[in-house]
Amino acid sequence: MSQTILILSTSLRKGGNSDALANEFFRGAKDAGHRVEKVRLSDKTIRFCTGCLACNRTHRCVIHDDADKIAQKMRAADVLVFATPIYYYEMCGQMKTMLDRANPLYGSDYRFGDIYLLSTAAEDGDDVPRRAENGLQGWIDCFPKARLTGTVFAGGVDAPGSIQGHPALKKAYEMGRAVSARKE
């Protein structure tokens with residue numbers, strides 16, 4: 001049974017290194033027969049959360065921009081994938097803003113269970129993506145049916161395109177291909 005997979009590419013750099021990881025995950029999931037959509041946040045208008053908490057009652061945001069539409073896509077997806085560059089050892093601001101704006105999903109009838117994180121950074125080392133992983137885990141902890149299922153990190157990539165040939169590309173592709181059918 002195929003899954004509905006939503007990939008959120010959060011970098012402002014079109015064709016950048018984290019976007020390349022997103023493309024490989026997309027390709028792998030598509031090759032496995034899943035329904036996959038990739039949304040680039042840089043192509044969208046997303047304002048900051050105002051903290052009004054009206055969404056706790058309505059499960060919709062009172063700010064009618066692209067973040068509201070993306071949150072509804074997130075609600076309907078079986079699998080969520082976030083691709084981000086690491087800035088100052090943390091997820092990029094665009095990703096954090098989208099997570100904040102996804103607050104209408106809290107307490108709602110969301111579908112997603114598996115969540116993946118794809119990240120890149122100029123610095124290399126296993127500890128580099130930890131804070132981004134922890135930040136995403138803090139959001140995931142608010143959704144009892146959700147779990148961080150897998151991560152891919154490409155370190156040592158800075159300039160656009162410097163990820164070419166990096167082993168993380170193959171790992172992202174294989175991770176996309178390995179997404180399994182949802183267990184109801």
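Visitor: Which residues do ring pairs link into a cluster?

Guide: Good place to start! In this predicted model, the cluster joined by ring pairs consists of F82, Y106, Y110, F112, W139 and F143. A search through the whole structure turns up eight aromatic pairs.

Visitor: How do I read one of those pairs, say F112 and W139?

Guide: Look at two values, the distance between ring centres and the angle between ring planes; planes under 30 degrees apart count as stacked. F112 and W139 are 5.8 Å apart centre to centre with 20° between their planes, so the pair is stacked. As for where they sit, F112 is in the loop between α4 (93-101) and β5, while W139 belongs to helix α5 (residues 130-140). The two are 27 residues apart, and the pair links distant parts of the chain.

Visitor: Are F112 and W139 buried or exposed?

Guide: Buried means under 20% relative accessible area. F112 has 0% and is buried; W139, at 10%, also counts as buried.

Visitor: What kind of pair do F25 and Y116 form?

Guide: A tilted one: the centres are 5.2 Å apart and the planes meet at 55°. F25 lies in helix α1 and Y116 in strand β5, so this pair ties together parts that are 91 residues apart in sequence. F25 is buried at 0% relative accessible area, and Y116 is buried at 6%.

Visitor: Let's turn to helices. Which residues of α6 are buried?

Guide: Reading a helix starts with sorting its residues by accessibility. In α6, which covers residues 167-177, the buried ones are A168, L169, A172, Y173, M175 and G176. Seen down the axis of α6, these buried residues fall within an arc of 165°, so they line one face of the helix. On the other side of α6, P167 and K170 are exposed.

Visitor: What do the buried residues of α6 pack against?

Guide: They pack against α1 (17-31), β5 (114-121) and β6 (147-155).

Visitor: At what angle do α1 and α6 pack, and how far apart are their axes?

Guide: For a helix pair, read the angle and the axis distance together. Here the angle is about 35° and the axes are 6 Å apart. The crossing of α1 past α6 is right-handed. On the α1 side, the contact is made by A20, L21, E24, F25, R27, G28, A29 and D31; α6 contributes A168, L169, A172, Y173, M175, G176 and R177. By character, the residues of this contact divide into nine nonpolar, two polar and four charged. F25 is thus in the contact with α6 as well as in the aromatic pair with Y116.

Visitor: Which residues does G150 touch, apart from its neighbours within four places in sequence?

Guide: This is a handy way to see what the fold brings together. With those neighbours set aside, G150 is in contact with I115, Y116, L117 and M175. G150 lies in strand β6 and, at 11% relative accessibility, counts as buried. Y116 is the ring partner of F25, and M175 is one of the buried residues of α6.

Visitor: And where is S119, and what does S119 contact beyond those sequence neighbours?

Guide: S119 is found in strand β5 and counts as buried at 2% relative accessibility. Leaving aside neighbours within four places in sequence, its contacts are L21, T84, I86, P129, V152, F153 and A154. L21 also takes part in the contact of α1 with α6.

Visitor: Is T10, in the loop between β1 (4-9) and α1, buried or exposed?

Guide: Buried, with a relative accessible area of 1%. With neighbours within four places in sequence left out, T10 is in contact with L41, A83, T84, P85, C92, Q94 and M95. T84 also appears among the contacts of S119.

Visitor: Where should I look for positive phi in residues other than glycine?

Guide: Check the backbone angles of L53 and Y88. L53 has a phi near 65°, and Y88 has one of about 50°. L53 is in the loop between β2 (35-40) and α2 (55-58), whereas Y88 is in the loop between β3 (79-87) and β4 (90-91). L53 is partly exposed at 47% relative accessible area, and Y88 is exposed at 80%.

Terms used. Residues numbered from 1 in each chain as written. Predicted model: local features only at pLDDT ≥ 70, side-chain atom pairs only at ≥ 80, totals over all residues. Heavy atoms only, no water. Buried < 20%, exposed > 50% of the residue type's maximum accessible area, 1.4 Å probe, protein only. Helix = DSSP H or I, 4+ residues; strand = E, 2+ residues; numbered from the N terminus. Arc of directions from axis to C-beta. Contact = heavy atoms within 4.5 Å. Axes fitted to C-alpha atoms, helices over the stretch in contact; angles between N-to-C directions. Left-handed = near helix turned anticlockwise from the far one by under 90°. Nonpolar A, V, L, I, M, F, W, Y, C, P; charged D, E, K, R; others polar. Phe/Tyr/Trp six-rings, centres within 6.5 Å; stacked < 30°, edge-to-face > 60°.
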